[in-house]
Amino acid sequence: MRLGPCPRLLVPVLCVLLCLPAPAAAAVLAAPAAASAAPAVLAAPAGDDTAFDGHSGGPSDNPSVGAEVARLYEQAAQASRTYEEGRREAKEQRAKALRLERLLVHARDDIEILRGDVGRVARAQYRAGGGGIAYTAKLLLADDPQELMDGHRLAWQAELAVSRMLARAERAERMLVEDERRASAAWLDLDARIEQLASVKQAITAKLEDARWKLQGQADRSVSAGRCAGAVRLDEQGPPAAQPWVTPVEEYELSAGFGGEGARWKSRHTGQDFAVDIGTPVRAVGQGRVVSVSCGGGFGIEVVIAHPDGYYSQYAHLAGVMVDQGERVRTGQWIGQAGTTGNSSGPHLHFEVRLTPHLGSGIDPAPWMRERGAGF
């Protein structure tokens, strides 16, 4: 809106009264008129190829929130994996320490038995000593000196053998004691490390939870305005898939299935719901082209992908998108973040397989996915 001559003359006066510079006052006066003159943006119908492509977000759009959620999601997942690995390792070290402790008990029992054998041999030799008579005299007085020599030699060999066994057992005991000490120390170190990992995991989870609801709030505002926020771009758009088809989310619990009835649906449920947290990466089930990215309506923020075999997949109730309309995507590529926009009772992904890009052409996705080796 252009200011007439009178308003232009009044601007300096208002500036003096309000202590504002002239440009700022002009902006204050112009803002309401500009808002009233802006055309309303309507949400695109589900599956419409003319839907907004992710670049039409308003000035309040902040894709960096989605990027922050994605980064925190990965950090939380890595922290959880590291925490679980540490717990398994600590459990193994504890089992090893307990096993070594049991072996040590058995080794000490064996050493006591061997010491008893050495004592018995020594006592037998003492008894055979004949009350202090010299061994040379015994040989001279013996009826069979050779028998006496053989007996003495056998007793000496038995004592030597038992002594050697005792020495080996004592060495084994010392090694077991050292192994047990190291295993116990490793177990205690791992326990301390697990406590640190638990603190890190808890801190990341708290940050992620806060960022998730920021993302959802931004998504709700986008849906209300019928404007999609800009696509979140990350360095890594999901790991390469080893199979030509994958499930739309990696970890999930199945909730409402295809064809079910409910108060929130006009007729029957048109897809399969996956119960996941806000911000969970949603991935393309197969390669294809993004035919629409839209906001508003019952599905909230949604993405529809056309696949080379003539079928279409839909991903709805998102909190953010990571692709633009017309973009080519590969199997497993992250295309959005799960949320609870639109007609949704809680965080989940609504997934459909369709014969066309439009609502009403959906088929049961479960057998369709099983036929492609990616059943759920």
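**Chat about a strand-rich core**

Reader: Hi! Which residue in β8 is the bridge partner of glycine 320?

Author: Glutamine 337 in β8 is the bridge partner of glycine 320. Keep in mind that this is a predicted model. The β6 and β8 strands pair in the antiparallel sense, over three bridges.

Reader: Thanks. How many bridges join β6 to β9?

Author: There are five bridges between β6 and β9, and the two run antiparallel. Across that pairing, tyrosine 312 stands opposite arginine 354 of β9.

Reader: And how many join β5 to β6?

Author: Five bridges again, with β5 and β6 running antiparallel. For positions to click on, valine 304 stands opposite glutamine 314 in β6, and isoleucine 301 stands opposite leucine 318 in β6.

Reader: What sits between β5 and β6?

Author: They form a hairpin with five residues between the strands. In that turn, glycine 310 has a positive phi of about 95°.

Reader: OK, and β4 with β5: how many bridges there?

Author: β4 pairs with β5 over five bridges, in the antiparallel sense. Valine 290 stands opposite isoleucine 305 in β5. Their hairpin has six residues between the strands, and glycine 296 takes a positive phi near 100° there.

Reader: Is β6 mostly covered or mostly open?

Author: Mostly covered: ten of its ten residues are buried. β5 is mostly covered too, with six of its six residues buried.

Reader: Which way do the β5 side chains point?

Author: Ile301, Val303 and Ile305 point one way from β5, while Glu302, Val304 and Ala306 point the other way. All of them are buried. That fits a general pattern: in a regular strand, side chains alternate between the two faces of the sheet.

Reader: Let's switch to the core. How many residues are in the largest nonpolar one?

Author: It has 43 residues. Those with the most contacts inside it are Val282, Val303, Ile305, Tyr315, Ile335, Leu349 and Phe351. In soluble globular proteins, nonpolar side chains tend to be buried together.

Reader: Which elements give two or more residues to that core?

Author: The helices are α3 (63-128), α5 (145-225) and α6 (365-371). The strands are β4 (288-294), β5 (301-306), β6 (312-321), β8 (334-338) and β9 (349-354).

Reader: Which of them gives the most?

Author: α5 does, with six residues.

Reader: I'd like to look at valine 303. What does it touch?

Author: Leaving aside residues up to four places away in sequence, valine 303 touches Val290, Ser292, Val293, Ser313, Gln314, Tyr315, Leu318, Val321, Val323 and Ile335. Tyr315 and Ile335 are also among the residues with the most contacts inside the core.

Reader: Zooming out, how many helices and strands does the protein chain have?

Author: Six helices and ten strands.

Reader: What share of the residues is buried?

Author: Buried residues make up 38% of the 376 in the protein chain.

Reader: And what area does the chain expose?

Author: About 21,300 Å², with carbon and sulfur atoms supplying 57% of it.

Reader: Last one: what share of contacts joins residues at least 24 apart?

Author: Among contacts between residues at least 6 apart in sequence, 72% join residues at least 24 apart.

Methods
Residues are numbered from 1 along each chain as its sequence is written. This is a predicted model: local features need pLDDT of at least 70, side-chain atom pairs count only at pLDDT 80 or more; totals for chains, interfaces and linings use all residues. Side-chain values use heavy atoms; hydrogens and water are left out. A nonpolar core is a set of buried Ala, Val, Leu, Ile, Met, Phe, Trp, Tyr and Cys residues joined through side-chain atoms within 4.5 Å. Buried means under 20% relative accessible area, exposed over 50%, partly exposed in between (1.4 Å probe, protein chains only). Helices (H or I, at least four residues) and strands (E, at least two) are DSSP runs, numbered from the N terminus. Contact means heavy atoms within 4.5 Å. Two strands pair if DSSP finds at least two bridges between them. Accessible areas come from the Shrake-Rupley method with a 1.4 Å probe; for residues, only the protein chains shown count as cover.
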